[in-house]
Amino acid sequence: MLLKLQTGTDVRGIAAPGVPGEDVNFFPADANRISQAFVIWLSKKTGIPAAELKIGVGHDSRITAEMLKDAILKGLTAQGAKVVDCHLASTPSMFMSTVYDEFRYNGSIMITASHLPFHRNGMKFFDVEGGLEHDDITDVLNIAEGLSEAEGDCSAVEEADLISSYSAHLCDKIRAGVNSADCYGEPLKGLKIVVDAGNGAGGFFVEKVLKPLGADTTGSQFLEPDGRFPNHIPNPENKQAMEAIRQAVLANQADLGIIFDTDVDRMSAVLSDGSEINRDAIIAMMAAILADEYPGGTIVTDSVTSDRLQEFLEGHLGMKQHRFKRGYKNVINECKRLNESGVVSPLAIETSGHGALKENYYLDDGAYMAVKLLISAAKANREGKKIGSYVEALKPGFEEIEIRMRISGEDFGTYGKEALKVFEERAIAKGLKVSPNSYEGVRISFDTEEIKGWLLLRMSLHEPLMPLNIEGARPGDCDRMKAVVAEMLDGFDRIDLGKLA
């Protein structure tokens with residue numbers, strides 16, 4: 001069943017052999033049927049006949065991209081839609097193809113599986129309102145179930161250099177943001193910026209954005225698209241990936257390092273001294289950049305951010321933090337909801353590096369986040385400062401751990417919810433500081449002689465897992481919190497507590 005390919009608001013599966021025990025379950029025929037269904041769904045939603053719809057298709061560097069694209073183009077044309085091949089692109093640029101005047105597509109498809117391994121691939125969908133929601137994807141897949149593979153006439157498929165238009169848009173944003181009359185054409189002159197694209201789709205950022213704006217990009221690495229990702233996983237959350245960009249920054253004495261994930265909807269950074277600007281720090285940095293423009297504004301984050309980040313946002317910046325559920329669409333939709341209700345919320349951002357700004361269509365766009373960072377870096381450079389000054393007041397973390405405890409047996413969701421309920425009751429009975437505003441799981445803060453730090457116990461969004469996030473302030477704090485969790489989950493024998501020992 002095609003519904004098994006749905007992962008939240010995406011379609012993802014195993015598209016290539018090569019990993020033992022992981023059989024292919026996402027075939028070109030599936031992509032063909034799903035693309036046909038997208039035309040039917042989009043026509044019904046918009047009221048525009050299929051023959052008048054214009055749909056763009058792009059892809060990242062994965063080894064199965066061309067194979068799947070061929071099937072998708074045939075599926076779209078079989079339903080009568082006008083189709084444009086945008087070739088190698090980023091996920092954010094595919095949404096912008098519905099916005100830019102020279103394109104104005106009714107919808108678009110991005111072929112990507114984000115940061116997942118080389119043998120996986122998938123599809124993301126956009127219309128003029130943004131990325132499709134979970135229920136939209138379900139509807140598309142249900143339509144696809146009733147369709148057969150079809151081969152349309154691809155001779156009329158157009159081609160477009162979308163990534164160049166997107167890059168020009170980013171360049172304009174930087175020039176306008178820096179607003180420096182003395183070097184308007186090259187506002188990044190004097191800055192050395194190292195980029196790590198992880199052999200994904202982000203290499204364009206060096207050639208089409210940084211170099212035209214005057215930046216020295218010496219030391220940038222893994223810019224060539226290679227769908228086997230031979231150097232490291234293109235994922236800013238991956239330790240090896242972050243160490244690779246960190247070493248590149250230090251070796252080249254760069255002012256700033258930028259790392260993208262495969263399809264460029266996420267980014268993190270490294271400062272000139274090798275400090276990593278990821279997880280809590282990337283949230284702190286983006287909030288600090290926005291603080292003057294949105295005084296007292298609300299930053300929507302996912303649930304696993306630290307207490308020290310909240311202290312920085314609210315105590316240092318004078319902004320507000322709204323911790324919400326994990327999942328980038330969850331935080332984005334909550335940001336939209338807050339703004340619609342009259343609460344000024346300029347940014348929705350996860351510790352994963354997914355960041356969406358209100359000013360940028362609530363689009364999680366790693367390149368646009370990099371643009372905001374570069375504008376601030378250029379301004380700081382002109383004032384004889386470093387971009388790191390924005391987050392100097394963020395207290396450093398000591399130790400962070402995520403433990404994913406498996407739940408065995410059937411109906412794991414109900415069992416996990418009951419465990420969380422009892423866990424919270426036991427925590428309150430022990431007099432622990434339980435957050436009253438946790439939208440996901442149970443969060444406890446510790447500030448005693450015995451333990452300093454925080455923990456969050458929650459259910460996984462999709463799997464029979466109970467993740468536990470812990471951050472300790474001193475040696476031994478994490479182990480002491482693990483012991484507290486083990487005590488308060490006593491009796492729940494379907495939860496694997498072995499990792500708490």
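**Exercise 1. Check the span of helix α5 in this predicted model, and work out which of its residues are buried and what covers them.**

Start with the length. Helix α5 covers residues 162-178, which is 17 residues, and at 1.5 Å a residue it should span 24 Å. The C-alpha atoms at its ends sit 25 Å apart, so the expected span and the model agree.

Next, go through the helix for burial. The buried residues of α5 are L162, I163, S165, Y166, S167, L170, C171, I174 and V178. Keep the helical repeat in mind here: with 3.6 residues a turn, residues three or four places apart point the same way.

Now look for the cover. Elements over the buried residues of α5 include the strand β4 (82-88) and the helices α3 (91-96), α6 (204-210) and α11 (366-382).

Finally, step just past the end of α5. There N179 has a positive phi of about 50°.

**Exercise 2. Describe how α12 packs against α13: what is the crossing angle, and which residues make the contact?**

Take the axes to begin with. Those of α12 (residues 412-429) and α13 (residues 477-488) come within 9 Å and cross at roughly 115°. The two helices are therefore roughly perpendicular to each other. As for handedness, α12 passes α13 in a right-handed crossing.

Then list the residues. From α12 come F423, R426 and A427, and from α13 come V485, E487 and M488. Sort them by class and you get 4 nonpolar, no polar and 2 charged residues.

**Exercise 3. Do the same for α1 and α4: how do they cross, and which residues meet?**

Axes again: α1 (residues 28-46) and α4 (residues 134-145) come within 8 Å, with a crossing angle of roughly 115°. The crossing of α1 past α4 is right-handed.

On the α1 side, the contact uses R33, I34, A37, F38, I40 and W41; these meet D136, D139, V140, L141, I143, A144 and E145 of α4. The tally for this contact is 9 nonpolar, no polar and 4 charged residues.

**Exercise 4. Place I407, and decide whether it is buried or exposed.**

Find the residue: I407 is in the loop between β18 (399-406) and α12. Its relative accessibility is 3%, so I407 counts as buried.

What does it touch? Setting aside neighbours within four places in sequence, I407 contacts F412, Y415, G416, M459, P464, L465, M466, R494 and I495. For a distance to V485, which lies 78 residues away along the chain, go C-alpha to C-alpha: the separation from I407 is 15 Å.

**Exercise 5. Compare N278 with R279: where do they lie, and how accessible is each?**

Locate them. N278 is in the loop between β12 (276-277) and α8 (280-291), and R279 is placed in the loop between β12 and α8 too.

Check accessibility. N278 comes out at 14%, so it counts as buried, while R279, at 24%, is partly exposed.

Add the details. Beyond residues up to four places away in sequence, N278 touches P236, M242 and S268. R279 isn't a glycine, yet it has a positive phi of about 50°.

**Exercise 6. Find the loop that holds Q253, and say whether Q253 is buried or exposed.**

Q253 sits in the loop between α7 (239-251) and β10 (256-260). With a relative accessibility of 70%, Q253 counts as exposed. Its phi is near 50°, a positive value in a non-glycine residue. For background, most residues other than glycine have a negative phi.

How values were computed: Residues numbered from 1 in each chain as written. Predicted model: local features only at pLDDT ≥ 70, side-chain atom pairs only at ≥ 80, totals over all residues. Heavy atoms only, no water. Axes fitted to C-alpha atoms, helices over the stretch in contact; angles between N-to-C directions. Helix = DSSP H or I, 4+ residues; strand = E, 2+ residues; numbered from the N terminus. Parallel < 35°, antiparallel > 145°, perpendicular 65-115°, else oblique. Left-handed = near helix turned anticlockwise from the far one by under 90°. Contact = heavy atoms within 4.5 Å. Nonpolar A, V, L, I, M, F, W, Y, C, P; charged D, E, K, R; others polar. Buried < 20%, exposed > 50% of the residue type's maximum accessible area, 1.4 Å probe, protein only. Expected span 1.5 Å × (residues − 1).
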